[in-house]
Amino acid sequence: IEVRARLPKGTGTWPAIWMMPEANKYGQWPRSGEIDIMEHVGFDQDRVHGTIHTKAFNHKIGTQKTRSDILKGATKDFHNYAVYWTQNVIRWVYDGETFYEFQNTGNGWEEWPFDHPFYLILNIAIGGTWGGEKGIDKELKKATMDVDYVRVYQ
């Protein structure tokens, strides 16, 4: 999956490109998995995050598998955010460079529930537990995630 996008700017914005399971094969979140292809919070300009959530690995228990880094110009320029997902690995690739990798350990669905269909979500939240952590800019009148394209390969 590849999305070329320019992210919104402003404290309180929380754009995301992410995936959730079509069905709760292993139970409610995070048991059936979540793949965050890209998240960005407006109070930390140009820092992007790639994360997975599972029963064994999630932020509620302090074990999530994630990486964040600065991607200069994330709110000024278009960038490519991609995930390559196989039965053995999920690989995040930003602007053609490998950003992060999560390996299937073979230890069961608690660590790797990524064996069933997921759907893709592109959204912008305003506020929320993470995006609103430092408030919402009172001058913010508009928040747009410009999307050039979405490509899904199989």
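1. Over the ring of which residue does the charged end of R67 sit, and how far is that charged end from the ring's centre? The ring is that of F99, and the charged end of R67 lies 4.6 Å from its centre. A second arrangement of this kind involves R151, whose charged end sits over the ring of Y149 at 3.7 Å from the centre. These values, like those in the points that follow, come from a predicted model, and they should be read with that in mind.

2. One open sheet is built from five strands in the order β5-β4-β3-β2-β9, and its pairing is antiparallel. Its edges are formed by β5, which spans residues 65-70, and by β9, which spans 118-126, each of these strands pairing on one side only. Between neighbouring strands of this sheet the turn averages 15°, with direction ignored. Within the sheet, strand β2 (residues 13-21) and β9 run antiparallel and are joined by nine bridges; as a specific point of register, M19 has L120 of β9 as its bridge partner.

3. A further open sheet of five strands, also with antiparallel pairing, follows the order β8-β7-β6-β1-β10. Here the edge strands are β8 and β10, each of which pairs on one side only, and the twist from one strand to the next averages 15°. Strand β1, made up of residues 2-6, is joined to β10 by five bridges in the antiparallel sense, and R6 stands opposite D146 of β10.

4. At another place in that sheet order, strand β7 (residues 89-94) pairs with β8 over six bridges, again antiparallel, and Y94 is found opposite E97 of β8. The hairpin formed by β7 and β8 has two residues between the strands, and in it D95 adopts a positive phi near 50°. A colleague checking backbone torsions may wish to look at D95 with this hairpin in view.

5. The aromatic side chains deserve a point of their own, since a search of the whole structure finds 11 aromatic pairs. In one of them, Y26 and W109, the ring centres are 4.9 Å apart and the planes stand at 0°, so the pair counts as stacked. Because Y26 belongs to the loop between β2 and β3 (34-40), while W109 belongs to the loop between β8 (97-103) and β9, the pair ties together parts that are 83 residues apart in sequence. The two partners fall into separate accessibility classes: Y26 is buried, at a relative accessible area of 18%, whereas W109, at 23%, is partly exposed.

6. W85 and F118 make an edge-to-face aromatic pair, with 5.1 Å from centre to centre and 85° between the planes. This pair links distant parts of the chain, since W85 lies in strand β6 and F118 in strand β9, 33 residues apart. With a relative accessibility of 29%, W85 is classed as partly exposed, while F118 is classed as buried at 11%. Both residues also belong to one aromatic cluster, which is formed by F57, W85, F102, W112, F114 and F118.

7. T75 is located in the loop between β5 and β6 (79-85). Is T75 buried or exposed? Its relative accessibility is 12%, which is under the 20% limit for burial, and T75 therefore counts as buried. The side chain of T75 makes a polar contact of 3.2 Å with the side chain of Q45. Once neighbours within four places in sequence are set aside, the residues in contact with T75 are R6, L7, P8, K9, H40, Q45 and D46.

8. M145 sits in the loop between β9 and β10 (146-151) and is buried, with a relative accessible area of 13%. Its contacts, again leaving aside neighbours within four places in sequence, are with A5, R6, L7, P8, P15, A16, I17, L122, N123 and I124. M145 and F78 are 67 residues apart in sequence, yet the distance between their C-alpha atoms is 9.9 Å. R6, L7 and P8 are listed among the contacts of M145 and among those of T75, and R6 is also the residue that stands opposite D146 in β10.

Conventions
Residues are numbered from 1 along each chain as its sequence is written. This is a predicted model: local features need pLDDT of at least 70, side-chain atom pairs count only at pLDDT 80 or more; totals for chains, interfaces and linings use all residues. Side-chain values use heavy atoms; hydrogens and water are left out. Two strands pair if DSSP finds at least two bridges between them. Helices (H or I, at least four residues) and strands (E, at least two) are DSSP runs, numbered from the N terminus. Axes are lines fitted to C-alpha atoms, for helices over the stretch in contact, and angles run from 0 to 180 degrees between N-to-C directions. Buried means under 20% relative accessible area, exposed over 50%, partly exposed in between (1.4 Å probe, protein chains only). A polar contact is a pair of N or O atoms within 3.5 Å; within protein, one must be able to donate a hydrogen and the other to accept it, and residues adjacent in sequence count only if both atoms are side-chain atoms. Contact means heavy atoms within 4.5 Å. Rings of Phe, Tyr and Trp (its six-membered ring) pair if their centres lie within 6.5 Å; planes under 30 degrees apart count as stacked, over 60 as edge-to-face and the rest as tilted. A charge sits over a ring if NZ of Lys or CZ of Arg is within 6 Å of the ring centre and within 35 degrees of the ring normal.
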